[in-house]
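Biologist: Before we use any labels for this chain, I would like to see the reasoning behind them. Please put the model up.

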Amino acid sequence: MAKKIGYDDTPFLPGTRWRVHDGNRPQPKVVRPGTFSTQDVPGKPPSDAIILFDGTDLSKWRSCVDGGPARWKVENGYMEVAPGTGDIETIEHFGDCQLHIEWQAPAESSGEGQAKSNSGVFLMGRYEVQVLDCYNNITYPDGTTGAIYGQYPPLVNACRPPGEWQVYDIIWEAPRFDGDRLIRPAYITVLFNGVVIHNHTPLYGRTGHRQLPRYEPHPPIGPLRLQDHGDVVRFRNIWYRLLKRYDEV
Ligand code: MG
């Protein structure tokens, strides 16, 4: 007989089928944790991560311009924006997730304001977390590094100098629509180089420029999109994990 775990005479937790200390509640799935990146070596993803870019090729990506192969450069274990070739996006579409992505402004990053190693991480192809070199660079706060562009500045500026790898760890909850009606906004949490810069923040809507963001209904899954803003920016070690609910195994 299986060893009894937990209790079956305790009260039910409100709104659930589970008792306090319920031994029948699903056991959490085992995930082998990854390792942290160093400047020289990208970390290893956790065992249940879906790899979008491991430093070798762009086979998981396509051009947003024509749907053909992504035309950005791949070398030395990173991909690099080939200015003028356009945004790229993942072939795979997904919704709620934990996303890990590392980026680097080249050491010789020049320009100022919005024109200093500008790129962007667009969740579901629509909602931008700004990529920009703001180590010593002032711009409008809702357009600075890690901003939800046009909506929220980051809580702090945790930029490393250009030439160093920077890390976004993003927890993303897709907006919910009932037909054309928004029933729950998107929520985002972002850690930038290990520092919280957005904490379960509800988005106003789709990213825009000089306009009020608004939601437009879209499918529950979408691609991850990276921006070609005409500047050279590098990316490496891109992966995500599907964000599940409690007891969903
Ligand atoms: Mg941008």
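Modeller: This is a predicted model, and the questions below deal with surface labels and ring pairs.

Biologist: Why is Val195 called partly exposed?

Modeller: Its relative accessible area is 32%. Buried means under 20% and exposed means over 50%, with partly exposed in between, so Val195 is partly exposed. Val195 lies in strand β13, residues 195–202.

Biologist: What makes Val195 eligible for a surface patch?

Modeller: A patch residue needs over 30% relative accessible area, and Val195 has 32%. Val195 forms a nonpolar patch with Leu155, Val156 and Val196, and together they have about 310 Å² of accessible area.

Biologist: How many aromatic pairs are there?

Modeller: The count is eleven. In one of them, the ring centres of Tyr78 and Trp165 are 6.0 Å apart and the planes are at 50 degrees.

Biologist: Why do Tyr78 and Trp165 count as a tilted pair?

Modeller: Centres must lie within 6.5 Å, and here they are 6.0 Å apart. Stacked needs planes under 30 degrees apart and edge-to-face over 60; 50 degrees fits neither, so the pair is tilted. Tyr78 is in strand β4 and Trp165 in the loop between β8 and β9, 87 residues apart. Both Tyr78 and Trp165 are buried.

Biologist: What makes Tyr127 and Trp172 a tilted pair?

Modeller: Their centres are 5.4 Å apart and their planes are at 40 degrees, so this pair is tilted. Tyr127 is in strand β8 and Trp172 in strand β9, 45 residues apart. Tyr127 and Trp172 are buried, and they form one aromatic cluster with Phe177 and Tyr215.

Note on methods
Residues are numbered from 1 along each chain as its sequence is written. This is a predicted model: local features need pLDDT of at least 70, side-chain atom pairs count only at pLDDT 80 or more; totals for chains, interfaces and linings use all residues. Side-chain values use heavy atoms; hydrogens and water are left out. Patches are made of residues with over 30% relative accessible area and no salt bridge: like charges are joined within 9 Å, nonpolar side chains (Val, Leu, Ile, Met, Phe, Trp, Tyr) within 5 Å. Accessible areas come from the Shrake-Rupley method with a 1.4 Å probe; for residues, only the protein chains shown count as cover. A salt bridge is a side-chain nitrogen of Lys or Arg within 4 Å of a carboxyl oxygen of Asp or Glu. Helices (H or I, at least four residues) and strands (E, at least two) are DSSP runs, numbered from the N terminus. Buried means under 20% relative accessible area, exposed over 50%, partly exposed in between (1.4 Å probe, protein chains only).
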